[in-house]
Amino acid sequence: MRYQDFEYEIVNQEVRILKYIGTNIFVFVPVSIDGYSVTMIGEKAFCNQSLEMLILPYSIKQIESFAFAYTPIKILYIPKNCHNICATAFIACEHLENIIVDQDNANYSSINGVLFNKNQTILIKYPNGKKEQSYIIPDSVIDIVPYAFRECQHLENVILPKHIKTLKAGLFKNCTQLKSISLPETIIRIEPRVFQHCLNLSQINIPKNVKVIGEQAFQNTSLQKINIPEGVEYIDLSLFEDCHQLEEVILPNSITYIAVIAFRNCTSLKKIILPSSLEVIDEKAFYNCHSLKSVQLPPSLKRIEDNAFNLCNNIIFDVYDHSLALAYVQKNHLNYHTI
């Protein structure tokens, strides 16, 4: 069904906007259509449209996934009856500067254009287009929604509150100007892709209580040195892939597994000490780490994939007699010394 520039459907006697088909940059969503209240902005309803400002009626209760994705929207007003906003509704809104929430909304609030739950314990969305270079997350925050800061191109420095325990997936992904971030000691988990493609992130201190670091968490950053805390057991998939500035890695004795392409293309890597706890080095883990010159393979190793050190032509391996590592270097015709 169609009304003016909107395609819609009726769901339980309420209108769900399916798609905006107009060309206006300033759009007013009607409060009702054919006598039915407009309560839902459907999935991708405004996706890839040219709108810069959108006025939603007080009747809106729900905003679905990718509703405003890939639009140049600058300001968004959340009405008082809206109680469900999908976290992906604002993906790739690179011009979004300000999210304003009606003060009578029982579920959401905003501070300086940043979207929170009502009591500001959960940060939901930091607008991609905000011009500030630094941001201090309020102390009241105990959780941050995945991808909340994704593609915030102006942010250079962020200070996290002391109550955060988990950095959720993709939290700062593609924040290409991010240079420094202060992580509290309360953090115990870093989920996948948290700092992926943060091209200017050159240093970070991982808190000692962190036990899990997800795949691609630091992929394609400018880190120069990293110290993994004791208790972390896995160097996950692509964790440091394409970190071309990375020179030194310190691994704890708790590491048992280095995953596929974990350090691939770390072309400046010169120093890494593999711990005595290590059992597996998976496929292409150190592919094209051509600055490595010496690596000691511990006797604890139970599996080393044949291509784990491909294009690492300058390495001389130190291996133990009667070890799997010795068989590995001999099989692959690699340079080595026995210990």
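**Figure 1. Parallel pairing of β18 and β20 in the predicted model.** Strands β18 and β20 (residues 189-190) pair in the parallel sense over 2 bridges, in a model that is predicted. Leu 167 stands opposite Ile 190 in β20. The pairing belongs to an open sheet of 3 strands, ordered β18-β20-β21, with parallel pairing. The edges of this sheet are β18 (166-167) and β21 (212-213), each of which pairs on one side only.

**Figure 2. Lys 168 and its surroundings.** Lys 168 is placed in the loop between β18 and β19 (180-182). Its relative accessible area is 19%, so Lys 168 counts as buried; the cut-off is under 20%. Neighbours within four places in sequence aside, Lys 168 is in contact with Asp 143, Ile 144, Val 145, Pro 146, Glu 191 and Val 194.

**Figure 3. Strand β11 and its pairing with β9.** Strand β9 (residues 75-78) runs parallel to β11, and 4 bridges join them. Leu 76 has Ile 99 of β11 as its bridge partner. Side chains alternate along β11 (residues 98-101). Ile 99 and Val 101 point to one face and are buried, whereas Asn 98 and Ile 100 point to the other face and are not buried.

**Figure 4. Strand β13 between two antiparallel partners.** Strand β12 (residues 108-111) pairs with β13 in the antiparallel sense over 4 bridges, and Ser 109 has Phe 116 in β13 as its bridge partner. These two strands form a hairpin with 2 residues between them. In that turn, Asn 112 has a positive phi of about 50 degrees. Strand β14 (residues 122-125) also pairs with β13 in the antiparallel sense, over 2 bridges. Here Phe 116 stands opposite Leu 123 in β14. The hairpin of β13 and β14 has 4 residues between the strands, and Gln 120 takes a positive phi near 60 degrees in it. Both faces of β13 are covered: Val 114 and Phe 116 on one side are buried, as are Leu 115 and Asn 117 on the other.

**Figure 5. Asn 117 and its contacts.** Asn 117 is found in strand β13 (residues 114-117). Its relative accessible area is 14%, so Asn 117 counts as buried. A polar atom of the Asn 117 side chain lies 2.9 Å from the backbone nitrogen of Ile 122. Residues up to four places away in sequence not counted, Asn 117 touches Asn 107, Tyr 108, Ser 109, Ile 122 and Ile 124. Ile 122 thus appears both in this set of contacts and as the residue whose backbone nitrogen faces the Asn 117 side chain at 2.9 Å.

**Figure 6. The open sheet containing β27.** Strands β23, β25, β27 and β29 form an open sheet of 4 strands in that order, with parallel pairing. The edge strands are β23 (234-235) and β29, each pairing on one side only. Between β27 and β29 there are 2 bridges in the parallel sense. Val 280 stands opposite Arg 303 in β29.

**Figure 7. Aromatic rings.** The structure holds 18 aromatic pairs. One of them, formed by Phe 286 and Phe 309, is stacked, with 5.0 Å centre to centre and 0 degrees between the planes. This pair links distant parts of the chain, the two residues being 23 residues apart. Phe 286 is in the loop between β27 (280-281) and β28 (294-296), and Phe 309 is in the loop between β29 (303-304) and β30 (316-319). Both Phe 286 and Phe 309 are buried. Ring pairs also join them to a cluster with Tyr 126, Tyr 135, Phe 149, Phe 172, Phe 195, Phe 218, Phe 240, Phe 263, Phe 317 and Tyr 328. Elsewhere, Lys 284 lies over the face of Tyr 287, at 5.2 Å from the ring centre.

**Figure 8. The whole chain, for reference.** The secondary structure comes to 1 helix and 31 strands. Along the principal axes, the C-alpha atoms fill a box of roughly 85 × 40 × 35 Å. The chain has 339 residues, of which 51% count as buried. About 15200 Å² is exposed, and carbon and sulfur atoms supply 47% of that area. Of the contacts with a separation of 6 or more, 25% are between residues 24 or more positions apart.

Note on methods. Residues are numbered from 1 along each chain as its sequence is written. This is a predicted model: local features need pLDDT of at least 70, side-chain atom pairs count only at pLDDT 80 or more; totals for chains, interfaces and linings use all residues. Side-chain values use heavy atoms; hydrogens and water are left out. Rings of Phe, Tyr and Trp (its six-membered ring) pair if their centres lie within 6.5 Å; planes under 30 degrees apart count as stacked, over 60 as edge-to-face and the rest as tilted. Buried means under 20% relative accessible area, exposed over 50%, partly exposed in between (1.4 Å probe, protein chains only). A charge sits over a ring if NZ of Lys or CZ of Arg is within 6 Å of the ring centre and within 35 degrees of the ring normal. Two strands pair if DSSP finds at least two bridges between them. Contact means heavy atoms within 4.5 Å. Accessible areas come from the Shrake-Rupley method with a 1.4 Å probe; for residues, only the protein chains shown count as cover. A polar contact is a pair of N or O atoms within 3.5 Å; within protein, one must be able to donate a hydrogen and the other to accept it, and residues adjacent in sequence count only if both atoms are side-chain atoms.
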